[in-house]
Each structure stands twice: as C-alpha cells, then as structure tokens.
Amino acid sequence: MGKTAMLSLPSQNLFHQSSVLCLLIFLSCLVRGEVEEIAGFDTGERFRIRITDSDDERWEVPQEIIRRPSYTTPHGSFPHNHSSSLERQVLTHPSSDLIFTLYNTTAFRFTVSRHSSGDIIFDTSPDASEPGTFLVFKDQYIQLSSSLPKNRSSLYGLGEHTKSSFKLRANDTLTLWNSDIGSANPDVNLYGSHPFYLDVRSASKDGRVRTGSSHGVLLLNSNGMDIIYGGDRITYKVIGGIIDLYIFEGPSPDMVVQQYTGLIGRPAPMPYWSFGFHQCRWGYKNVSDVEGVVTGYAKAGIPLEVLWTDIDHMDEFKDFTLDPISFPKDLMKKFVDTLHQNGQKYVLIVDPGISVNKSYATYIRGMQADVFIKRNGIPYLGRVWPGSVYFPDFVNPEGRAFWGNEIKLFQDLLPFDGLWLDMNEISNFITSLPTPSSTLDSPPYQINNAGVKRPINNLTVPASSLHFGNITEYNAHNLYGLLEAKATNAALINVTGKRPFILSRSTFVGSGKYTAHWTGDNAATWDDLAYSIPSILNFGIFGIPMVGADICGFSGDKTEELCRRWIQLGAFYPFARDHSAINTRRQELYLWDSVAATAKKPGAVSVDAYFPAGNWFDLFNHNNSIIVEYGKYITLDAPPDHINIHVREGNILVLQEEALTTQEARKTPFHLLVVVSSKENSGGEVFLDDGEEVEMGGEGGNWSLVRFHAGVVGDKVMIRSSIVNGEFAISQNWIINKVTFIGLEKVKRIEGYELQTSKKGNIDVTASFHSNGEFGIAEMSDLSLLIGEEFRLELRLSN
C-alpha cells in the first residue's frame, strides 16, 4: 500500500466538512488498489497532484468527457525514487526532471522543482501575513496559491479573455465562467474556459536556469473560478470540484504544448477546404442575395472557398429548418449543388436552444426522447432567438443520439459541409430567479463574472438545473460547448463519412479534439484588429490551433482602410472568415477598391516589428533581408499594397500557386523555398492526403509525408527529400516544378548542379542566379519531380 501523509489542519475554517479530520495526500506509483493516489507521475514528462475529500465524493470532470490515465490499476513502481523524513517526503521519476516535495509543516505546503536546475516551478508555501495564500478546501470554495519568481516568470494562457498583450500582465484577475459576452469587451470572461498556463522563465542569476526554460500548469476543474495573477504569485479561487493539477515539464514552449495536448487530446484534423477563405454575414436576405455574393467574388477574381449563412436561413429561427419564403428548400438545394460544382462549400449555423413549438418536429422528437436540461423536474424554459426554448442535454447519451439524428435528417434535406455552433455557453436572453436558499444559484463566493461580480445565473441556464445523472449545471456549465462539439463531431462523421468541420464559440479544455473556434463578436475597430493576435496565439496554446477572428470586425461600420489592413492580417489566420452583423455596412471584399498590407493604426505607413536573432527574408521580395544578431525591434515600411511577412533562415517552405479555391490550388505544381543558413541546416515538411479522410495519417491510409532537408557545406548547397508512404502522392501525380535557394552568402554564380532521382535519363532544368550584393538567390525550375519520390539536388557554387 502507498505511503500516506496526514496533514494537520491549520484552522477549522479552512476545511469545513465535518467528516474530514485530515487531508490525505497519496503518493502515486506506490499505491496498489486500496486507495486513489493524488500525487504522481503520469509519464516522465507530466506530474499530477490530485487533492480531494477522503470521505465524500466530490465533482470532477468525468473520464467519459475528457479521457486521461486511470490510476485504479498499477502503472509502474518507482520505490527507489521515493524518500521521506520527518520534515518532508520526496517523489521523483528516473526519466523526469521534476521533483515533488511534500513538507510536513502545519501549513500545507508542497513544491515541484527541476532536478537539473533547482528551479522551483510550483510552490504552495503560504505567506503568513496573507490569508489569500493558504490552501482552503471547502464545499464551494477552493483556494490554491503558488509563488512565482519575481521578474523571471512570464505567463501565457488562462483564457478566454480579450487582451492587448499575449503575455499576461501582473495584478489581473482572470475569471473563468463561460458567458455570452462579446469579445469586443476586453479583460472580462468570455465564451470559453481554459485553466492552463505556459510559464516561460528568464535566466537565473546563478546561470543554472536557462533563458526560455518553460513548463505548463493545468488545473483540470470545470467550476467557475477567479485566477489572481500578481506577477510574483498566482492564486486560484474556485467555487467547487477538486484540485486536479497537472505539471508539464517542457522544457521548451513547444514541448509543453505537445505534452499538454498529449493529455487533453490532439487537435482535430481539419478538412483541407477549411483553410480557404470564408464569407458570412448576419443579414443575408434570401437565396438571391447569397448567390450574388458568390458571383461578386468570382467576378472580382478573389478566392472564395465557403459561403456561410447565419440564422437568416431558418424558419422563425428554428434549428434544422429553412425559411420557406426567403430560403426555400428547392432553391437552397440548387444553390448548394452549384457551390459544390464550383469546388466550394456551404456551412450553416445551429444554436442549442430548441423552440418550444408543438408543430416543430425537432421539438416533438426531443420531448419524446426526454433529452432536455431540467429544473425542478421539468425541462428548463429559456428564451433565445425563436422565443421559448429548451436546451438539449449532451451529458445524456439519448441527448447525443437525438442531436445526431437531427443532423442526419437535415443533411438528407440539404447537403451542407460543416456546422457552426453558436450561443453554446449556454446563452439565454433571460435571467431566471435563483431557487430560494440555493447555494448553487447563489454560491458563497462570487466570482468576478463580467468584471462586476454578476450572479452566475445571469443570462444563462440556472446553476441549480440538472443534467443526466443528477449532474448540476453549477458543475457542468463550462463543459456545455465541449459536449455539444463532441456530439456534433461524432454525428458528422457518422453522416458524411468525412473529416468534419465544426466551429464552436464556447470551448473548454480538450475542445480542440473536436472543433475549430473563432474569437466571437468583435468590433470594427483598430483595437479589435490588434486584439485578434494574442487571442489567436492563446488558442494555439490551448490546443485549438484552427482559430480566427471575424475579419473587418463583426459589429459596427468599418472603413475601407481598416478592412484593407485587416484582410491582409486575416489571410494568415488559420481560420479566415469575413463576418459582419445585421444592419452594419456590407463588407464583402469585392466591394472595396483595395485589400492590402497589415498595420495596426489608421493612416500608418510603418510598423515596429520584433525580430529574434537570425537572417530574415521578405517572403514576397527575397532581395529584402534583415540581419539580426540579437533580438530587437526594427521599423518596417508598411505601404497599403505590401504585407510584411518574413521567413527566417533554416526553414523550407512548401508552396503552391494561387487559385480561387483550394480544389484548384491543389492541382498546381509545388515550389520549394529553401532559406539556407551558414549556421544551421534547413528543414521543412508537407503532409499530403485527400483532405477529407477522417483519420489523418492512419495506418494503411491514403496519405504521404514528405520531409525536406537542406544545408551548405563548403562551396555546395544541397536539398534532399525523405518520404513516408509515398505511393499516395505518386498516385496524384503531384510534382515539384521549382526550387529556390535564398540566403546564399558570398556567392557569385552557380558552377553546376547534380540531380539524383529514380527517373532515368537527363532532366532539362533551367537554372538562374542573382545577388543583391549581400545574399544570392539561386532558382532551379522546370524540374518536374514527383513529390512522392525521393530526390537529391546539389548545386556547386562559386565564391
């Protein structure tokens, strides 16, 4: 049986359950069945600390919702890596840099530190003069605090909030409670909850901690919370659940995110077409209107991949219906068929609220299946766009089946290509009165909801409502968007047999496994343009990389200059969609005379950009280079017709030609842009499949992975490829037609070249070279190399 540490309570008011006389801390990896361990190594790179009530079961995120390693069966023993004394107990792992130390002190205390550097990355040692730093563990209030090294710790994450800075700023309260608050409102809780942060450390004075040493921390808890970040301390104040803390050792930021998504789920594969340009508007009047939008893009020669409709297409705003006057079934079917013939797609909106209407088939089926969230024994009656509504319960297996069936029936009616899940925080147009004396509707600790401590029932489903299995909305509120996305993902796979595309407004830990996300209702302002950058970067940390902001702004009228600048930023969002609100100025891109470069202020003609060390080259004019010995800001020209995009030495980009749809672009030859370096090798890769197969890179699947490696040795520069499963790429007859080497130092001309392929005979290659005096550019064209076959190309250079 495992070692058990019994902690004396610092005061009765901190642990108020009468049944709890002590808190049990079980050291995992030594436990065998009789008890549930709470501190131990999931893997060598991930450490878990789980603190709960030893006598009474408490709410925690169920395994069925977020799968994670189970600790009820043995998973390895490390008895030689556990040590104890009267003062402390220590747990280590032979393949981990992390050390867990539990101190036998009156005030609860543990630390997680690094073996390699001694850096303490989580430290619950309280400040005796500050009550807010002690561990508190009550029915509806948990407090957990950790000190941080002042001026050495930089935190990122803890969303969802609109922030002006990617790096979190000290003296801030970050509230997590999913709410329908527009993202145009900075510094308040928004649509999703992600209690995960990345900590990037600067070097320690003794030199043992290197600059950039990073780790991650997840508090896996779905209850509402405030997170107080003071710069030198982080404190969680949570209104329920347990402490389920995960530490990810890194030590690089990329490794932290890989370790994090290894726990919560890797991001969902996206259909290839979803990386094209999307157009939407709330307020399209009828089928003729949306047909005109598609025609407008085609006439202007602007790429358009996907046309979206907001709630306008619905019959009285009811899900899974079409307005019989403005968007009749026969005309919509013809419209969608035409889109598909053009290689384009159609995505439509779905809200969770089901209209309470006895003539509405979806409502009837939902009532028959008994799948709605309840309060006081009957379905809870909310109000959204169609009026009175009930909300499906996605905790209920029958609720998920009901939802999947409705998707199937509507797909049979209209062959849409993706679904947009809106209003799923859950948003409600009314605030129901709290149940008298309910500590669920009115908990003893008020989180800073909306920045003004609004009641948690404000404009949502009351916390005292019940899901399947008597799970309260109080506990499951932040999970609703995740659960809806998960059910929708499964339904679309079942119905279409293809890789699903889902866009969800509300998210939680693990949502990226099922859905994409957009940043919600922003505004047509320069500030909102700038806010989109940290918001999108944050969701990459959260494991939801397919994310974007409404280009040109959702609410308010925009100017041509703002839209011109925004589209050139938005073109590089992973998810690029132009979307606007009803009764605002139309902003389809073909309506503007120009769409170009990026800058953050009106009238700006320059931008200050930070460049890390290295040689950087303008992606659109390779002759323009920036040499940076140490990271610094550089002022760049930002004329209206230029996008400042630079690529660093050491990279190989795999490019294709432009086209109006991804279907057409995929047919064009590949071009390799090799950014060579005298200090390091260059590398890049491309994954190729049909863009629709459900499993990405599965065994026996139709896919290829091509890696490219390049380097300079003496007077030669070389690029070669290595391939996994090349048969698929060969079957598509995809070719590499051009290779461009940039960043060649002190080179005057090409003396010759050697190309090795499986193809017999000579290949008539066109070679060219020019130099700007500092760097040379060599281009080899007319190659006609099958990308699915390995090759080696070597150039002899004259210095």
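This passage looks at the confidence of a predicted model and at the cavities inside it. Residues are numbered from 1 along each chain as its sequence is written. In this predicted model, totals for linings use all residues, and hydrogens and water are left out of side-chain values.

The protein chain has a mean pLDDT (the predictor's confidence in each residue, from 0 to 100) of 91, with 91% of its residues at 70 or more. Two stretches fall below 50: residues 72–80 and residues 596–600. Beyond near neighbours in sequence, residues 72–80 still make 16 contacts (heavy atoms within 4.5 Å) in the model, and residues 596–600 make 28. Where pLDDT is low, the predicted coordinates shouldn't be read in detail.

As for empty space, the structure holds 6 cavities of 30 Å³ or more. A cavity here is a set of points, on a 1 Å grid over the protein atoms alone, where a 1.4 Å probe fits but can't get out; lining residues have an atom within 4 Å of a point. Volume is the space filled by probe spheres set on the points, which are joined across faces, edges and corners.

The largest cavity comes to about 80 Å³. It's lined by 13 residues, and T162, S183, T519, Y531 and S535 sit closest to its centre. Its lining splits into 4 nonpolar, 7 polar and 2 charged residues (Ala, Val, Leu, Ile, Met, Phe, Trp, Tyr, Cys and Pro count as nonpolar, Asp, Glu, Lys and Arg as charged, and the others, Gly among them, as polar).

The second largest cavity has a volume of about 60 Å³. Its lining includes G157, H161, K163, S535 and F542, and by class has 5 nonpolar, 5 polar and 2 charged residues.

Conventions
On a 1 Å grid over the protein atoms alone, a cavity is a set of points where a 1.4 Å probe fits but cannot get out, and a pocket is an open set with protein on both sides within 12 Å along at least five of seven lines; lining residues have an atom within 4 Å of a point.
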